[in-house]
Number of protein chains: 2
Amino acid sequence: MTIASVADVLAGKYSVGTAVKVQGWVRTKRDSKAGLSFVALHDGSCFDPVQVIALSNLANYEDITRLTTGCSVIATGTIKQSEGKGQSLEIEGSAIDVIGWVENPDTYPMSAKRHSIEYLREHAHLRPRTNIIGAVTRVRNCLSQAIHRFFHENGYMWISTPILTASDTEGAGEMFRVSTLDMMNVPKTENGDVDYTQDFFGKETYLTVSGQLNVETYCTAMSKVYTFGPTFRAENSNTSRHLAEFWMVEPEVAFADLSTIAQLAEDMLKYVFKAVLEERADDLNFFEQRVNKDVVKRMKSVVDSDFVRMDYSEAIEILQNCGKTFEFPVEWGVDLSSEHERYIAEEHVGAPVIMQNYPKDIKAFYMRINDDGKTVAAMDVLAPGIGEIIGGSQREERLEVFDSRLAEMDLSPEDYAWYRDLRRYGSVPHAGFGLGFERLVAYVTGIANVRDVIPFPRTPGNANY
Amino acid sequence: MTIASVADVLAGKYSVGTAVKVQGWVRTKRDSKAGLSFVALHDGSCFDPVQVIALSNLANYEDITRLTTGCSVIATGTIKQSEGKGQSLEIEGSAIDVIGWVENPDTYPMSAKRHSIEYLREHAHLRPRTNIIGAVTRVRNCLSQAIHRFFHENGYMWISTPILTASDTEGAGEMFRVSTLDMMNVPKTENGDVDYTQDFFGKETYLTVSGQLNVETYCTAMSKVYTFGPTFRAENSNTSRHLAEFWMVEPEVAFADLSTIAQLAEDMLKYVFKAVLEERADDLNFFEQRVNKDVVKRMKSVVDSDFVRMDYSEAIEILQNCGKTFEFPVEWGVDLSSEHERYIAEEHVGAPVIMQNYPKDIKAFYMRINDDGKTVAAMDVLAPGIGEIIGGSQREERLEVFDSRLAEMDLSPEDYAWYRDLRRYGSVPHAGFGLGFERLVAYVTGIANVRDVIPFPRTPGNANY
């Protein structure tokens, strides 16, 4: 007997008349007055459940009438054309074995009624059983597979940069400390400082905030590389766009300038959006109907658009002369806020925008100084409907320029000794970007809060499960 | 002008006579008495460098004679048949631009001479530029892509289980604490304990040791899932097989028993070995010649073998009656050590062995108790040449049995409330396994120490870079 996934049955992989076994959980069950029951069975393989018809002559029909949402069953039967609306194939059950009951259906947290997204978040261990989080899970998987495929097909190597790091690359204020020291009895040095030489790694150690600096070492040997791994921020931000633990995708390309990675960002986004449009039409249909009516339209529009390149300085002029009043005033040198980015992408251009060449004072120390001396070769990809989704830059590969930048920012060359080595030995122009994976999933699904697109969200005060 | 990777040039993707640009780093340079130079250029895309011929009529020929290992260049030229030995295609350079010099060739840490693997480890930021670590990087990438592809093609969803966790699943002794508390001034409760309510997550938080318990929640909704992410052990083990930070692959399958995942483990290993044999013959050839002459042979043998299933109890009998003296004595109930595992796999069977049904007292609390009451449905895959490479089990899905196991092991049901819920609501038989990714890379490459198959190894006293 073939064990068939619900997806394969509904997709018509087996012809009518084939005997199959399907295994899963009851989404709903309905008893007909005609003395038969309809069991909607899901197994996670696709959005729709398959309908299994239980005739009253089944030996355990009494049990079947007692099935409730969440019970697990193994159904054996024959595939037939459905006479009902909504789906074309169903299964006429010859045996439906109940594998696991729901302890108390009245208090089952994932009962068939509609639950708020906040309620589901409080039951993160059971929420994948719902339509919405099941759909998020398939879309998230589809996106991650498409990202690996895109880079692999284009000759990039996946590099696992370290999660634990003693390099404090972007300011320890937002980093989590990792330690095995006894907190009840923290060892101290003679000076009264914490004695980290007694810690597991012999020095103060943190969770990484980005794999970029590390992956540059592999970029300057393998040419085309990317990371795809978890990163961490100990930021006390309770917003819908921030997580303390999130996944980042960070490609880094040797012999590349800003335009190379701007094109890479455009190609990558189009590739993954095409993949999800092709592979997850069922889930996207649900998000379009129930979550955000624009999700499919805006992805298709990104796929069909030529991304517009625009200099930061030009954007400032546009914003100053557009006649609109913004909450945050605009002048050259300020960081653009979401309202500015969305005005440019949604109202002024009406397509994804790659904003380039930002003032150096609002950007990181490793970005390449442009010839004007006041901007850096940085870029942000702004997508209609969400704003910034990707940020990247060309890296400063000239040792003298890099060293004066370190001095300017009061950073010590010794702390960046290994990073400087990449500029001392066969230095090359190189560039890369970072994509927050959860923000991508949120954009694709239309889900407003990134806490609902990662299995177990970590935020201030919450590390449950 | 086409920018070509070295791999594409050497693979004959462009016909002889095509003008191409290649970009990379000098591996070696040799000047001929005939007034021309041969530059071996690598770009990470494959094992072999491409030979670029520089005739003395190039405008910057003087510069070219000064090139040393590690310099970065962009070479433009025409593809031609090589007259030399070893490779069939080379590039006759029409321009060779030096992009980055090596500051002081005499002290360049990756000079062309042979370096010990320990020396390379001390220069982890530059070692990808060497033959051996370049090859490791390509093989590691190939294996990770093959793993994602295998699971994707078989209907599995990638699930990102949390890295930060407040669940102490396998004993906090080996876990890293993650905190933002001020170590100079640890807040205390009235009782004098550490006041973790003031910490970032409001409670004591650790780095995960395994995604298994978390991924079971998704398994019991999506049916077929897997994790592929970093895990951590704060174990003070300075061995060639242990890292404080390593990557794990953990599939979990619903409606599955031990035999399902034994077959899954066999299928997965064969799939990824086939992929690496097909895709990375160049790198494997190097490992076979320079590192371990058995690497290709033993992988091919795994691909062609039927894995042998053997009960733990049978293995004990074999070991007791084989007439061999072991360092650790054998009797029913002991954990098998490496010498036992290798005897069984290498000498007794001569093929991969899936050892099954271990005594419950040496296995974890979540493993399913067999009908004999004294063994659990656990399995280890033992591969000739390395020993245990995969460990897995069927999970205890029966609530009453699970609860008595918790009681027996003095664990509190409250601590496992969400895990118990999976057994209260539509429980299903399910099973899964864990594969230590670095041990897999070590097996495939023949490299003896896992510190050399991960970009930046973390071990006691070492979290550099």
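**Exercise 1. Describe the make-up and extent of chain A in this predicted model.**

Solution. Start with the secondary structure: chain A holds 13 helices and 17 strands. Next take the extent of the chain. The C-alpha trace of chain A spans about 85 × 60 × 45 Å along its principal axes. Then turn to burial: of the 465 residues in chain A, 60% are buried. Last, consider how the contacts are distributed along the sequence. Among contacts in chain A with a separation of 6 or more, 67% are between residues 24 or more positions apart.

**Exercise 2. Place A:Gln394 in its strand, decide whether A:Gln394 is buried or exposed, and list what A:Gln394 touches.**

Solution. Step one is the location: A:Gln394 lies in strand β16 of chain A, residues 387-395.

Step two is accessibility. The cut-off for a buried residue is under 20% relative accessible area. A:Gln394 has 8% relative accessibility and therefore counts as buried. The strand around this residue is mostly covered, with 7 of the 9 residues of β16(A) buried.

Step three is the contact list, leaving out residues up to four places away in sequence. A:Gln394 touches these residues:
- A:Ala256, A:Asp257 and A:Leu258
- A:Tyr366, A:Met367 and A:Arg368
- A:Ala377
- A:Pro429, A:His430 and A:Ala431

Step four relates part of this list to strands. A:Ala377 falls within strand β15 of chain A, residues 375-383, which pairs with β16(A). A:His430 and A:Ala431 fall within strand β17 of chain A, residues 430-436, which also pairs with β16(A).

**Exercise 3. Work out how β16(A) pairs with β15(A) and with β17(A).**

Solution. Take β15(A) to begin with. β15(A) and β16(A) are antiparallel and share 6 bridges. In this pairing A:Met379 is opposite A:Gly392. The two strands form a hairpin with 3 residues between them, where A:Gly385 has a positive phi near 95°.

Now take β17(A). The pairing of β16(A) with β17(A) is antiparallel and has 6 bridges. Here A:Gly391 stands opposite A:Gly434.

For chain B, look at the corresponding strands. β16(B), residues 387-395, and β17(B), residues 430-436, are antiparallel over 6 bridges, and B:Gly391 faces B:Gly434.

**Exercise 4. Give the strand order of the 8-stranded sheet in chain B and explain why its edges have an unpaired side.**

Solution. The sheet is open, and its order is β7-β11-β12-β17-β16-β15-β14-β13. The pairing within this sheet is mixed. At the edges stand β7 (157-158) and β13 (308-311) of chain B. Each of these has a single partner strand, so one side of each lacks a neighbour in the sheet.

**Exercise 5. Trace the strand pairings of β2(A).**

Solution. Begin with β1(A), residues 2-3, which runs parallel to β2(A), residues 19-32, and is joined to β2(A) by 2 bridges. A:Thr2 is opposite A:Val20 in this pairing.

Continue with β5(A), residues 72-81: β2(A) pairs with this strand in the antiparallel sense over 7 bridges. The partner facing A:Lys21 is A:Thr76.

Finish with β3(A), residues 36-42. β2(A) and β3(A) are antiparallel over 7 bridges, and A:Arg30 has A:Phe38 as its bridge partner. In their hairpin, with 3 residues between the strands, A:Gly35 takes a positive phi near 80°.

**Exercise 6. Characterise the interface of chain B and chain A, including the sheet formed by strands of both chains.**

Solution. First, the extent: 112 residues of chain B contact 112 residues of chain A. The two chains bury about 9,000 Å² between them, and 63% of that area is on carbon and sulfur atoms.

Second, the polar interactions. There are 2 salt bridges between the chains. One of them joins the side chains of B:Arg424 and A:Glu103, at 2.9 Å from N to O. Polar contact is found for 43 residue pairs across the interface, both residues at pLDDT 80 or more.

Third, the composition of the chain B side. Helix α4(B), residues 131-153, gives the largest share, 11 residues. By class, this side has 58 nonpolar, 37 polar and 17 charged residues.

Fourth, the shared sheet. Six strands form an open, antiparallel sheet in the order β8(A)-β10(A)-β9(A)-β9(B)-β10(B)-β8(B). β8(A) and β8(B), each at 164-165, are the edge strands and pair on one side only. Between the chains, β9(A) and β9(B), both residues 177-179, run antiparallel and are joined by 3 bridges. A:Ser179 has B:Arg177 as its bridge partner. Within chain B, β8(B) pairs with β10(B), residues 205-207, over 2 antiparallel bridges, with B:Thr165 opposite B:Tyr206.

Conventions: Residues numbered from 1 in each chain as written. Chains lettered and ligands numbered in written order. Predicted model: local features only at pLDDT ≥ 70, side-chain atom pairs only at ≥ 80, totals over all residues. Heavy atoms only, no water. Helix = DSSP H or I, 4+ residues; strand = E, 2+ residues; numbered from the N terminus. Buried < 20%, exposed > 50% of the residue type's maximum accessible area, 1.4 Å probe, protein only. Contact = heavy atoms within 4.5 Å. Buried area = accessible area lost by both parts, 1.4 Å probe. Salt bridge = Lys/Arg side-chain N within 4 Å of Asp/Glu carboxyl O. Polar contact = N/O pair within 3.5 Å; in protein donor to acceptor, adjacent residues only side chain to side chain. Nonpolar A, V, L, I, M, F, W, Y, C, P; charged D, E, K, R; others polar. Pairing = 2+ DSSP bridges.
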